Amino acid sequence: MTTQPNEAQAAAWNNAQGVDWVRQHTRFDGLLTEILDLVLTSADPRPGEQVLDIGCGGGATTMAAARRIGPDGAALGLDISAVLLDHARRQAEGLSNVRFQLGDAQVHPLEPDRFDLMMSRFGVMFFEDPVAAFANLARALRPTGRLAMIAWASPALNPWFAVPMQAAVARLGPPEPADPDAPGPMAFRDIDRVTGILRAAGLQDCAGSAVQTYLTPIGDLEEVMEFALHIGPASRLITAKAASEADRAAIKDVLRPEFARFEQNGQMRVPACVNLFTARRTTGAG
């Protein structure tokens with residue numbers, strides 16, 4: 001039996017992980033409001049352009065790009081999760097210049113020289129072979145076509161992940177050792193490693209920078225704490241350790257004063273650090 005690339009990620013996002021994202025899509029998109037603005041500013045979708053949203057998930061970035069490029073352009077969202085794409089199509093009803101495609105960007109047969117712009121909000125960190133993935137994507141860029149994408153910086157620079165994880169480890173003990181560069185949310189935290197991947201894939205003018213921003217979770221303090229423990233490394237540790245309700249309550253007691261510091265004028269604003277990567281295809285080679 002042959003193994004497909006990114007098989008584990010496809011299984012996760014087509015089952016419980018994808019279903020959970022759809023169920024809580026308002027919270028996820030609300031959390032990333034300022035991140036979406038950041039990627040749009042960097043990518044700069046222009047009227048009439050052909051745009052690919054890599055790992056489009058529920059389609060928020062695809063639809064935002066479609067509104068920028070107007071009716072003479074077209075935005076394609078590509079993702080491995082049929083669950084998320086079904087949600088994206090429902091959300092995009094009424095936008096005539098948006099289409100969604102089920103496929104793995106690492107191997108999907110994209111039309112050569114098609115796209116003016118490729119962009120991604122946290123959709124590129126899950127490739128088993130990132131060099132092969134970006135080489136495949138690069139062939140679909142037009143000469144001088146450009147890439148702009150956002151990935152998480154180190155967890156240590158992101159209280160949204162670090163604070164719950166510290167509280168969970170203090171209560172439950174550390175997680176099992178794992179490869180920090182394995183496919184996952186934090187796989188692109190090292191800027192030099194990622195720009196090297198992009199160059200190895202044949203892209204040029206590859207650059208990366210850490211950008212300070214904010215996450216904007218929806219709800220009051222108790223709701224935000226519950227959501228923070230529902231996603232990210234703390235969530236995985238809580239599941240792995242089979243944490244009890246007493247454990248969760250104790251972790252929340254530690255989180256409460258820490259997260260309360262992030263409330264500003266009735267809105268939670270959690271400091272965050274993301275890596276912004278840009279590159280171009282500046283040759284005609286396919």
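Mentor: Buried means under 20% relative accessible area, exposed means over 50%, and partly exposed is in between. Keep that in hand; this is a predicted model.

Trainee: Why is D181 called partly exposed?

Mentor: D181 has a relative accessible area of 31%. Partly exposed lies between the cut-offs of 20% and 50%, so D181 counts as partly exposed.

Trainee: What makes D181 and R193 a salt bridge?

Mentor: Their closest N and O atoms are 3.9 Å apart. The cut-off is within 4 Å, so the pair qualifies. R193 sits in helix α9, residues 191-200. D181 is in the loop between α8 and α9, twelve residues apart from R193. R193 is partly exposed too, at 27%.

Trainee: Which residues join D181 in a network?

Mentor: R189 and R193 do, through salt bridges that share partners.

Trainee: How many salt bridges does the whole structure hold?

Mentor: The search finds 17. One of them pairs R171 with D247, with the closest N and O atoms 2.8 Å apart. R171 lies in helix α8 (residues 159-172) and D247 in helix α12 (residues 245-260), so the pair ties together parts 76 residues apart in sequence.

Trainee: Is D247 buried or exposed, and how do you know?

Mentor: D247 is buried. Its relative accessible area is 15%, and the cut-off for buried is under 20%. Its partner R171 has 43% relative accessibility, so R171 counts as partly exposed.

Trainee: What makes E222 and R256 a link between separate parts of the chain?

Mentor: Start with the bridge: the closest N and O atoms of E222 and R256 are 2.7 Å apart. E222 lies in helix α10 (residues 221-230) and R256 in helix α12, so the bridge ties together parts 34 residues apart in sequence. E222 has 36% relative accessibility and counts as partly exposed. R256 is partly exposed at 26%.

Trainee: Now the helices. Why is α7 called oblique to α9?

Mentor: The axes of α7 (residues 130-140) and α9 cross at roughly 50° and come within 8 Å. Roughly parallel needs an angle under 35 degrees, and roughly perpendicular starts at 65. The angle fits neither, so α7 is oblique to α9. The crossing is right-handed.

Trainee: Which residues make the contact between α7 and α9?

Mentor: P130, V131 and F134 come from α7. I197, L198 and A200 come from α9.

Trainee: How many residues of each class does that contact have?

Mentor: The contact of α7 with α9 has six nonpolar residues, no polar and no charged ones. Pro, Val, Phe, Ile, Leu and Ala count as nonpolar, so the residue list fits that tally.

Definitions and conventions: Residues are numbered from 1 along each chain as its sequence is written. This is a predicted model: local features need pLDDT of at least 70, side-chain atom pairs count only at pLDDT 80 or more; totals for chains, interfaces and linings use all residues. Side-chain values use heavy atoms; hydrogens and water are left out. A salt bridge is a side-chain nitrogen of Lys or Arg within 4 Å of a carboxyl oxygen of Asp or Glu. Helices (H or I, at least four residues) and strands (E, at least two) are DSSP runs, numbered from the N terminus. Buried means under 20% relative accessible area, exposed over 50%, partly exposed in between (1.4 Å probe, protein chains only). Axes are lines fitted to C-alpha atoms, for helices over the stretch in contact, and angles run from 0 to 180 degrees between N-to-C directions. Angles under 35 degrees count as roughly parallel, over 145 as roughly antiparallel, 65 to 115 as roughly perpendicular and the rest as oblique. A crossing is left-handed if the near helix is turned anticlockwise from the far one by less than a right angle, and right-handed if clockwise. Contact means heavy atoms within 4.5 Å.
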